[in-house]
Structures are given as C-alpha cells and as structure tokens.
Amino acid sequence: MILDANRLFPAETAARSVAVRLYETVRDLPIISPHGHTDPRWFAQNEAFPNPTALLIQPDHYIFRMLYSQGISLESLGIPQVDGQSNADPREVWRIFAKNYYLFRGTPTRLWLDYTFENQFGLSKRLSSENADEYYDIIAKKLETPEFRPRALFEKFNIEVLSTTDTPLDTLEFHKAIQQSGWKGRVLPTFRPDSVIDAEYAGFLQNIEKLGQITGEDVGTWKGYLNALRNRRAFFKSMGATATDHGHLTAMTADLDPETAASLYGRILSGRSVPQEQEIFQAQMLTEMAGMSVEDGLTMQLHPGSVRNHNRLVYEKFGRDKGADMPSPTEYVRAMRPLLSKYGNDSRLTLILFTLDETAFSRELAPLAGHYPALKLGPPWWFHDSPEGMMRFREQATETAGFYNTVGFNDDTRAFLSIPSRHDVARRIDCAFLGRLVAEHRLDENEAFEVVQDLTVNLVKKAYKL
C-alpha cells in the first residue's frame, strides 16, 4: 500500500496511542463541507467524468501550478484558455503529470493524491512514468461505471452537506435541478458578491447593471443597490444558502454615514474612481454585508490577503484561478474595528475570519476571536491547508481563542475527489494535537474525545447553521 495507517500521528509513543484511539471515533463520521468551489452542474446532470486528466489535473491549481513552476506549459496540460482553446491529448497530459509526480514529494497535494489513488481506485504502487498508462486505464475504466458518477461518489464519500460558491448574478439553475431531481444529496449555494463590490473586477459596471435587471431595483442609487443585494441574498437563502463569502484583498472595514456612502457609491458607479476610493467602498460593503447578515442570519466568511492574478501573462491567456494568486500580509485589529464596533457584540452575527498571513494568528486573530461574540476563526486555508499549517494553527490559536471559537475544517476545493483526503488529513492532525495535550497531561482523555467530535462535526454545523 502507498499509505501508512499511522501517518501524521506523533512519533512519540504515548501521544500516538491516544491519537490512534481518537481517530477511530471520527474516521468514519460524515463530511461537512461548508465552503468550496465544486461545480453544482456535476450533481445536477450526474454525467460521467470524461477522463482522469479532466477530473484530477485540469481543475486543480495545486497540481498545475507546481508543474508550471518547473517550466511545463499550461498549454501542454490542456488548461482551457480564455479563447476556449484546449487541444492537449488527455493521456499525454497524464503522462507529463506522472513523469513529474516526484515534484510533489513532501507536499499536502501528494498526501491527497495518494489517498485518492489508493482509496478510490485501489492503486497500491506509487505513480511514475513507468505505470502512467496503467494508472490512466484503470481510472478511466472506473469512471465509466455508475459507481463513479458524481452523485454516487458524493454518497460514497459520506458527504452530509456540500456548499458551492456562486456569484450574485447566478441563476442557481443547477441547484434548482438538484433539488427537483429527487436525489437526497444536500448541495447548497453560497453568496459571493465580489463581482458587484470590487470595482477592479472584470466587467464590474456591467455586473452592476445586470444586478439591477435581475432584481428590478434602481442600482443607480445607493439605496437601490443595497436593496438589490438584499434581494439576491434572500433568493440564495430560499435556495438553501446558509452563508456568504467575501474575497477582499484586505480586511479593511468602514462605517460611513449614509450620505457619504451614497456619494462614494456614485463615484464608484461613474467609472472614474481611484484605487483609494475603491478600497474604502469595499471596506464599507463588508460592514453593510455584516449588517445584512444580522438581518437575514446568513453566516459571513471573509477570505482576505490574496493578491489575485499576480502573473499577468497567465491571467490574460488563461483567466482567473490558474494558480497565480499569492498571499500577502494582512492587518486585522485596526482594519476590523469599524465593523466589530458596530456588530461584533451582536450574537445574531457569525463572522468567520480566514487568513493567508500566519503571523496574525497569535498576534491578532486569536485575541479578536477570544473576545468578540460574533467572531470565529476559519481553519488553515489554501497555502496552509497542510499538516504543518493545521498544526501551527492549533498551536497558535488555541491558547487564546480555545477550540470553541474555531469552526472545524473546510476543504475549499475545486477538486472533487480530494475532499475525503483533505478531511482525513484534518482529522488526523486534530487527533495528533489532542493526543499530545493528553500525553502532556494538559487535557483529560475523556475531554479529548469530546473535543475531537466537536472539531470534526459539531462546530462546523453550528457556525454554518447546518
């Protein structure tokens, strides 16, 4: 077998034995996936995935960004271009991937892929150029079977609920199709308004216009614009959404008076605003969104700190989300104060903060979450969705925020087959951390068994109202 049963558990015997016992109680619990980027079309249409490359490589920027970093072109990997071109042969792409599989040594991607190959496809030899075609043929043959259709995999993975991420202009037609199909799988939308809040977003003014058309509101006015957003939030909630998500560059918030906010919106709408005005507008909109969450009960998520599309050449040729987004330092204490001063003490708000700046955990985020009732800490995200990142999070956040100001784990993935493996890694690391606390007599073992259940299922259900 590729995988060792005790992977990621402590090397020290006493802590490891506790971790093993803890893991046995959560290993087979249902997966709650409250934030991610899987395609609802998969579950609505329930068609077979076309081939191993389209399923495992081309949707996963963790994979192709590593290959690209070694000089392998995105064209050769068949990554779709903005103009729609994608001519690479899937088997040849797979051979390139297999030949370069060694590049993933020591990375979480390797853990996820090995888990997928062994547990989903029964492959027990490490992928290499020598067995690339064997791998491809075995996976391709299984993808033709009913057991590997999206809905069957959803059930096999024991997913209790999975949330997608959707623009406010989305009709949610695929979510509606899922609900009307009679299938029992729970796939929920999430309201992500960046495209009508970020003035630098491609097609921003056209998006605002379309928002007005969809809702029948006069988005030429500040009041009409806010009403249009409330309208779409209500629609998303009627379709099962329990959360919103916001991907701003910074965590800056503002609390402008209505007249100043209306004037700023007019400036943004004119198309002549400067970057500083755009940043203040986004800051104001975070506070407005928090207020709307107090009204409608949708959990609010903030994912700041990513400089999007850092590689201009890749963006122009291949578009967004092609592995070229980069982490940036993020300040929270002063940035979040206007929003938290207004809504942070309101128990009707649940605001989940994420970060790509690990230096903020013990210095800013844990103290903030350890005080404000509305604030919770999201799990390690993106570049830190790794064994080391998860352990650093527990070590840095727990001493100030405790376990119960965190919200469990979410996988935040576009790669459907990686969901079980990502959750398995998170469960193992939590068991490893708790096992160490028990071995060091900082936690009773019976308490650890309660905590690991909460970290796996209970906290995420509570935070996301699931």
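**Exercise 1. Strand S4 and its partner**

Determine which way the residues of strand S4 (residues 243-246) point, and whether they are buried or exposed.

*Solution.* Step 1: Ala243 and Asp245 point one way from S4, while Thr244 and His246 point the other way. The model under study is a predicted one. Step 2: This agrees with a general pattern, since in a regular strand the side chains alternate between the two faces of the sheet. Step 3: Ala243, Thr244, Asp245 and His246 are all buried. Step 4: S4 is joined by 4 bridges to strand S5 (residues 299-302), and the two strands run parallel. Within this pair, Asp245 stands opposite Gln301 of S5.

**Exercise 2. An open sheet**

State the order of the 3 strands in the open sheet, and identify the edge strands.

*Solution.* Step 1: The order is S1-S2-S3, and the pairing is parallel. Step 2: An edge strand pairs on one side only, and this applies to strand S1 (31-33) and strand S3 (187-188). Step 3: Between S1 and strand S2 (residues 159-163) there are 3 bridges, and these strands run parallel. Step 4: Ser33 has Leu162 in S2 as its bridge partner. As a general matter, strands of a sheet pair through backbone hydrogen bonds, either parallel or antiparallel.

**Exercise 3. Helices H1 and H19**

Classify the packing of helix H1 (residues 13-26) against helix H19 (residues 445-463), and describe the contact.

*Solution.* Step 1: The two helices pack at an angle of about 45°, and their axes lie 10 Å apart. Step 2: Angles under 35 degrees count as roughly parallel and those of 65 to 115 as roughly perpendicular. H1 and H19 are therefore oblique to each other. Step 3: The crossing of H1 past H19 is right-handed. Step 4: On the H1 side, the contact is made by Val18, Arg21, Leu22, Thr25 and Val26. H19 contributes Glu445, Ala448, Phe449, Val452, Gln453 and Thr456. Step 5: Sorted by class, the contact of H1 with H19 has 6 nonpolar, 3 polar and 2 charged residues.

**Exercise 4. Helices H17 and H18**

Carry out the corresponding analysis for helix H17 (residues 387-401) and helix H18 (residues 419-439).

*Solution.* Step 1: The axes come within 10 Å and cross at roughly 45°. Step 2: H17 and H18 are therefore oblique to each other. Step 3: H17 passes H18 in a right-handed crossing. Step 4: From H17, the contact involves Pro387, Met390, Met391, Arg394, Glu395 and Thr398. From H18, it involves Val425, Ala426, Ile429, Asp430, Ala432, Phe433 and Arg436. Step 5: By class, the contact of H17 with H18 has 8 nonpolar, 1 polar and 4 charged residues.

**Exercise 5. Two residues in helices**

Decide whether His61 is buried or exposed, and list the residues that Leu205 touches beyond four places away in sequence.

*Solution.* Step 1: His61 is found in helix H4 (residues 61-69). Step 2: Buried means under 20% relative accessible area. His61 has 11% relative accessibility and therefore counts as buried. Step 3: Leaving aside neighbours within four places in sequence, His61 is in contact with Asp321, Lys322, Gly323, Trp382 and Arg414. Step 4: Leu205 belongs to helix H10 (residues 204-215). With a relative accessible area of 36%, Leu205 is partly exposed. Step 5: Not counting residues up to four places away in sequence, Leu205 touches Ile268, Leu269 and Gly271. Step 6: Leu205 and Gly323 are 118 residues apart along the chain, and their C-alpha atoms are separated by 26 Å.

Definitions and conventions. Residues are numbered from 1 along each chain as its sequence is written. This is a predicted model: local features need pLDDT of at least 70, side-chain atom pairs count only at pLDDT 80 or more; totals for chains, interfaces and linings use all residues. Side-chain values use heavy atoms; hydrogens and water are left out. Axes are lines fitted to C-alpha atoms, for helices over the stretch in contact, and angles run from 0 to 180 degrees between N-to-C directions. Angles under 35 degrees count as roughly parallel, over 145 as roughly antiparallel, 65 to 115 as roughly perpendicular and the rest as oblique. A crossing is left-handed if the near helix is turned anticlockwise from the far one by less than a right angle, and right-handed if clockwise. Contact means heavy atoms within 4.5 Å. Ala, Val, Leu, Ile, Met, Phe, Trp, Tyr, Cys and Pro count as nonpolar, Asp, Glu, Lys and Arg as charged, and the others, Gly among them, as polar. Buried means under 20% relative accessible area, exposed over 50%, partly exposed in between (1.4 Å probe, protein chains only). Two strands pair if DSSP finds at least two bridges between them.
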